[in-house]
Amino acid sequence: MASSPPNSPSSSASSINASNSSNSPSNSSSAFTRFLHKAQLITGMGVTDAERAKDLEELNLRRCEKMKTELMERSPLIIFMLKHLRLSGCQVPEKNIFCAPCAYLPHPHGAIKLCAGHFFSKQHVESTIAHELIHMFDECRFKVDWTNLRHHACSEIRANNLSGDCRWTRELRRGEGIPGIGWTRGHQACIRRRAVTSVAANPACPSLAHAERAVNEVWESCFVDTRPFDEVY
């Protein structure tokens, strides 16, 4: 039997029935139930702490993934870094940049884990992704040995300098803004501080003094190295 044409009476009746079904009491009841459950999660009334924690975790994951996707499609900084990684022979597929709960630690080499719930803005996500992409670029292009403290220090200097991690607005949010110090000096102080902290956390680093020495030894050459950018972003 031939099917009814789009404008046939049977087709119109089906559309009307579908419309009426969407406004049925059962659907209205389901919507109210969802609203009530959401209100309980917000207020904490009638739900457990575990349920509220799970709901917050899922919300943070959705927000993180949304910001990540938008940045990979529209951020000139992220698009530029991904392009130059491809040109260097190191493709970074979108699935290798993923959001996960902060407690989720393991992730494969060549992947970037974004700690959902840790970010206060899309720009924060952008600078975090860019920071890690610069590390990937250094490893791909310059064959960084992460057990070599000088190699590690150089890549940290470059990543903090080029990613936006040390913008003055970020420093103020961290509580590191110093009144009376100009942007240039504050920018360099931020880069040094963060590079030393990262190198000191390297299992191959014996002490904070060794981390400071490594950063000082490579500072002049690595601070001015803006590849693949022409200048600081």
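In this predicted model, the charged end of arginine 192 is placed over the ring of tryptophan 219, at 4.1 Å from the centre of that ring. Tryptophan 219 belongs to helix H9, which covers residues 208-223, and shares this helix with phenylalanine 223, the two being four residues apart, or about one turn of the helix. Tryptophan 219 and phenylalanine 223 are both buried.

Three aromatic pairs are present in the structure. In one of them, the ring centres of phenylalanine 137 and phenylalanine 142 are separated by 5.9 Å and the planes stand at 85 degrees, an angle over 60 degrees, so that the pair is classed as edge-to-face. Phenylalanine 137, with a relative accessibility of 1%, counts as buried, whereas phenylalanine 142, at 30%, counts as partly exposed. Tryptophan 219 and phenylalanine 223 form another of the aromatic pairs, and here the arrangement is stacked, with 4.9 Å from centre to centre and 10 degrees between the planes.

Helix H6 comprises the 14 residues 149-162, for which a span of 20 Å is expected at 1.5 Å a residue, and the C-alpha atoms at its ends are indeed 20 Å apart, in agreement with that value. The helix is mostly covered, since 12 of the 14 residues of H6 are buried, and among these are the charged residues Glu156 and Arg158 as well as Leu149, Ile157 and Leu162. At the start of H6, the backbone nitrogen of arginine 150 is approached to within 2.9 Å by a side-chain oxygen of asparagine 148, while just after the helix glycine 164 adopts a positive phi of about 95 degrees.

Conventions. Residues are numbered from 1 along each chain as its sequence is written. This is a predicted model: local features need pLDDT of at least 70, side-chain atom pairs count only at pLDDT 80 or more; totals for chains, interfaces and linings use all residues. Side-chain values use heavy atoms; hydrogens and water are left out. Rings of Phe, Tyr and Trp (its six-membered ring) pair if their centres lie within 6.5 Å; planes under 30 degrees apart count as stacked, over 60 as edge-to-face and the rest as tilted. Buried means under 20% relative accessible area, exposed over 50%, partly exposed in between (1.4 Å probe, protein chains only). A charge sits over a ring if NZ of Lys or CZ of Arg is within 6 Å of the ring centre and within 35 degrees of the ring normal. The expected span of a helix is 1.5 Å times one less than its number of residues. A polar contact is a pair of N or O atoms within 3.5 Å; within protein, one must be able to donate a hydrogen and the other to accept it, and residues adjacent in sequence count only if both atoms are side-chain atoms.
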